[in-house]
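Me: Could you walk me through how to read a few features of a protein model? I'd like the general idea each time, then the case at hand.

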Amino acid sequence: FWLLLCIGCSDGRFVVEKNSLTVASPEKIKGTYDSAIGNFGIPQYGGSMAGTVVYPKDNQKGCKAFDEFGISFQSKPGSLPTFVLVDRGDCFFALKVWNVQKAGASAVLVADDIEEALITMDTPEEDSSSSKYIENITIPSALIQKSFGEALKKAISGADMVNVNLDWRESVPHPDDRVEYELWTNSNDECGVKCDMLMEFVKDFKGAAQILEKGGYTQFTPHYITWYCPQAFTISKQCKSQCINHGRYCAPDPEQDFSSGYEGKDVVIENLRQLCVFKVANESNKSWLWWDYVTDFQIRCPMKEKKYNKECADAVIKSLGLDSKKIENCMGDPNADADNPVLKEEQDAQVGKGSRGDVTILPTLVVNNRQYRGKLAKGAVLKAICSGFEETTEPAVCLSGVSSSIADVETNECLDNNGGCWQDKAANLTACKDTFRGRVCECPLVDGLQFKGDGYSHCEASGPGRCNINNGGCWHKSQDGHTYTACVDTGDVKCQCPPGFRGDGINNCEDIDECKEKKACQCPECSCKDTWGSYECTCSGDLLYIRDHDTCISKSGTDVKSAWAAVWVILIGLAMASGGAYLVYKYRL
């Protein structure tokens with residue numbers, strides 16, 4: 001079915017991002033050649049790398065580990081880095097590069113096996129086994145044309161030293177002192193390995209992105225890929241479950257199961273919401289809040305916990321202090337048989353213009369209108385962004401160590417609206433923690449007592465000692481020299497009004513009038529007086545009040561009874577002593 005869906009225009013095209021490869025020697029193949037940057041590993045954007053090309057005698061396609069053949073590409077001290085040439089075919093591009101990297105090489109050249117225009121080497125789709133090594137690839141790679149590969153092999157076989165230079169300095173345009181970049185992403189968190197890697201990148205890059213944006217160094221724009229359903233299928237079950245606005249904007253079913261779980265249209269609506277979050281935040285000059293919303297939504301509203309919905313999204317929006325009504329107005333009506341201006345603009349933007357090709361790979365990063373190729377990692381992406389500044393205009397973050405220079409312009413996100421995290425102003429407690437990667441919302445640990453909750457809307461002290469911190473969040477009050485609290489340190493009950501009070505134990509506990517409600521001091525001789533939190537009961541005449549039995553007894557009667565009791569105790573004691581003496585006399589003496 002998805003083969004029938006179209007991005008929106010038939011005359012678009014895919015542009016392969018290239019870097020320059022210059023052969024310095026031997027003389028017969030000296031010159032500059034094109035190579036296509038691999039969409040994994042870490043290209044040296046803004047820089048270059050010189051090395052010596054080798055072509056292995058065994059395992060020439062690189063599909064097996066080279067240590068099985070006793071081959072190592074580790075450069076000797078003082079020598080140029082080793083670039084390994086392998087042939088295309090039989091296994092994934094990424095696996096070839098991984099095997100070469102493990103053998104110690106610094107870069108990989110993959111020779112095409114047919115004469116054709118260069119293509120982009122991409123990572124495998126939905127392959128969990130490959131994801132284990134793809135994220136660990138750190139060396140650059142490039143695809144070269146078959147004819148050029150044959151020329152390199154011939155030179156190497158003739159015992160010539162082949163020295164080449166890989167140059168990424170012009171891979172990203174650098175016209176001025178501000179870099180414009182965009183990330184084509186998706187809110188679906190159940191689409192496999194690539195989605196997991198994308199979400200990890202967004203969380204990891206958030207802090208750096210917000211710092212660059214706040215400093216005015218960059219202009220960031222998020223984008224979301226959507227498709228439309230052909231007119232002939234708009235009333236089909238598939239279109240209705242995966243599209244909004246009568247088939248105009250669609251996304252694949254997250255579980256690929258039309259009968260259960262979330263539907264494609266749920267993803268489209270959340271994508272639309274995230275676009276509107278950016279637009280509303282940008283209007284208030286706080287465009288960086290998009291990064292907070294996306295990461296918070298991923299943490300708080302995952303599909304696997306059945307929280308991927310409007311209610312959860314609204315809670316995140318509220319915690320960040322954004323105008324929910326403006327966002328709703330921006331989203332429009334998903335059931336209307338009409339274009340949605342926001343999503344229509346996204347579909348138009350997917351089609352390549354100028355030097356940028358169509359966006360067909362998800363995720364895609366575009367820097368200064370040039371598609372980024374390589375691993376989505378914070379350090380690699382920062383290097384690509386920094387290569388987009390005009391010479392001499394680079395910010396400090398690009399001219400020295402990333403961590404130290406970003407720290408110079410870093411701001412504490414927890415100072416603004418508490419970062420959208422939980423806080424207890426009365427106890428001066430907060431779940432907001434400012435980190436280099438941006439703020440995180442985690443319930444605090446205070447004096448050895450761990451608060452538990454989601455960190456965004458709820459944190460609660462748990463365990464012994466909880467009453468020592470802000471009275472455990474329970475009601476408490478002092479009056480007439482007495483302090484009463486509803487906090488209970490043990491058991492399942494957290495807040496319970498003390499004896500003499502009634503209420504919820506959290507917000508209020510009201511004094512019970514035991515006298516008026518006839519809960520105590522009800523004997524005929526009793527006189528009741530209510531006090532705060534308790535009562536006083538007195539007896540008429542020469543009577544004594546016994547609280548446990550709620551009764552009055554005579555004080556004198558009590559004295560007589562006590563005297564007689566003492567006499568009987570003495571007499572019984574004397575009788576027992578006499579009997580004992582008699583028995584000793586008779587049977588012993």
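**Rings, strands and a pocket**

Reply: Let's start with one side chain: Tyr293 has a relative accessible area of 0%, so this residue is buried. Keep in mind that this is a predicted model.

Me: Which ring does Tyr293 stack with?

Reply: The general idea is that you describe two aromatic rings by the distance between their centres and the angle between their planes. Here the partner is Phe297: the centres are 5.8 Å apart and the planes sit at 20 degrees, so the pair with Tyr293 is stacked, as the cut-off is under 30 degrees. Phe297 counts as buried too, because its relative accessibility is 2% and the cut-off is under 20%.

Me: Where do Tyr293 and Phe297 lie in the chain?

Reply: First the principle: with 3.6 residues a turn, an α-helix has residues three or four places apart pointing the same way. Both Tyr293 and Phe297 belong to helix H7 (residues 289–300), and they are four residues apart, about one turn of the helix.

Me: How many aromatic pairs are there in total?

Reply: The count is 16 aromatic pairs. Take Tyr181 and Phe220, a tilted pair with 5.1 Å centre to centre and 45 degrees between the planes. This pair ties together distant parts of the chain, since Tyr181 is in strand S8 (residues 179–185) and Phe220 in strand S9 (residues 218–224), 39 residues apart. Tyr181 and Phe220 are both buried. Ring pairs also build a cluster out of Tyr181, Phe201, Phe205, Phe220, Phe278, Trp290 and Trp291.

Me: Do S8 and S9 pair in the parallel or the antiparallel sense?

Reply: In general, the strands of a sheet pair through backbone hydrogen bonds, and they can do that parallel or antiparallel. S8 and S9 go the parallel way, over seven bridges. Glu180 stands opposite Gln219 of S9. S8 is largely enclosed by the rest of the structure, because six of its seven residues are buried.

Me: And which strands make up the open sheet with antiparallel pairing?

Reply: That sheet has three strands in the order S18-S19-S20. Strand S18 (445–446) and strand S20 (459–461) are the edges, each pairing on one side only. Strand S19 (residues 449–453) is joined to S20 by three bridges, running antiparallel. Look at Gly453 for an example: its bridge partner in S20 is Cys459.

Me: Now pockets. What is the volume of the second largest pocket?

Reply: The idea is to roll a probe the size of a water molecule over the atoms, which shows where empty space is left. For the second largest pocket the volume comes to about 440 Å³. Its lining has 26 residues, and Met197, Leu198, Lys375, Leu376 and Ala377 are the ones nearest its centre.

Me: Which element gives the largest share of that lining, and how do its residues divide by type?

Reply: Helix H4 gives the largest share, with seven residues. H4 (193–214) and strand S12 (364–367) each supply at least two residues. By type, the lining divides into eleven nonpolar, five polar and ten charged residues.

Me: One last helix: is H1 mostly covered or mostly open?

Reply: Mostly covered: eight of the ten residues of H1 (residues 93–102) are buried. Among them are Phe93, Trp98 and, worth a look for a charged side chain, Lys96. After H1 comes Gly104, with a positive phi near 105 degrees.

Conventions. Residues are numbered from 1 along each chain as its sequence is written. This is a predicted model: local features need pLDDT of at least 70, side-chain atom pairs count only at pLDDT 80 or more; totals for chains, interfaces and linings use all residues. Side-chain values use heavy atoms; hydrogens and water are left out. Buried means under 20% relative accessible area, exposed over 50%, partly exposed in between (1.4 Å probe, protein chains only). Rings of Phe, Tyr and Trp (its six-membered ring) pair if their centres lie within 6.5 Å; planes under 30 degrees apart count as stacked, over 60 as edge-to-face and the rest as tilted. Two strands pair if DSSP finds at least two bridges between them. On a 1 Å grid over the protein atoms alone, a cavity is a set of points where a 1.4 Å probe fits but cannot get out, and a pocket is an open set with protein on both sides within 12 Å along at least five of seven lines; lining residues have an atom within 4 Å of a point. Grid points are joined across faces, edges and corners, and a volume is the space filled by probe spheres set on the points. Ala, Val, Leu, Ile, Met, Phe, Trp, Tyr, Cys and Pro count as nonpolar, Asp, Glu, Lys and Arg as charged, and the others, Gly among them, as polar.
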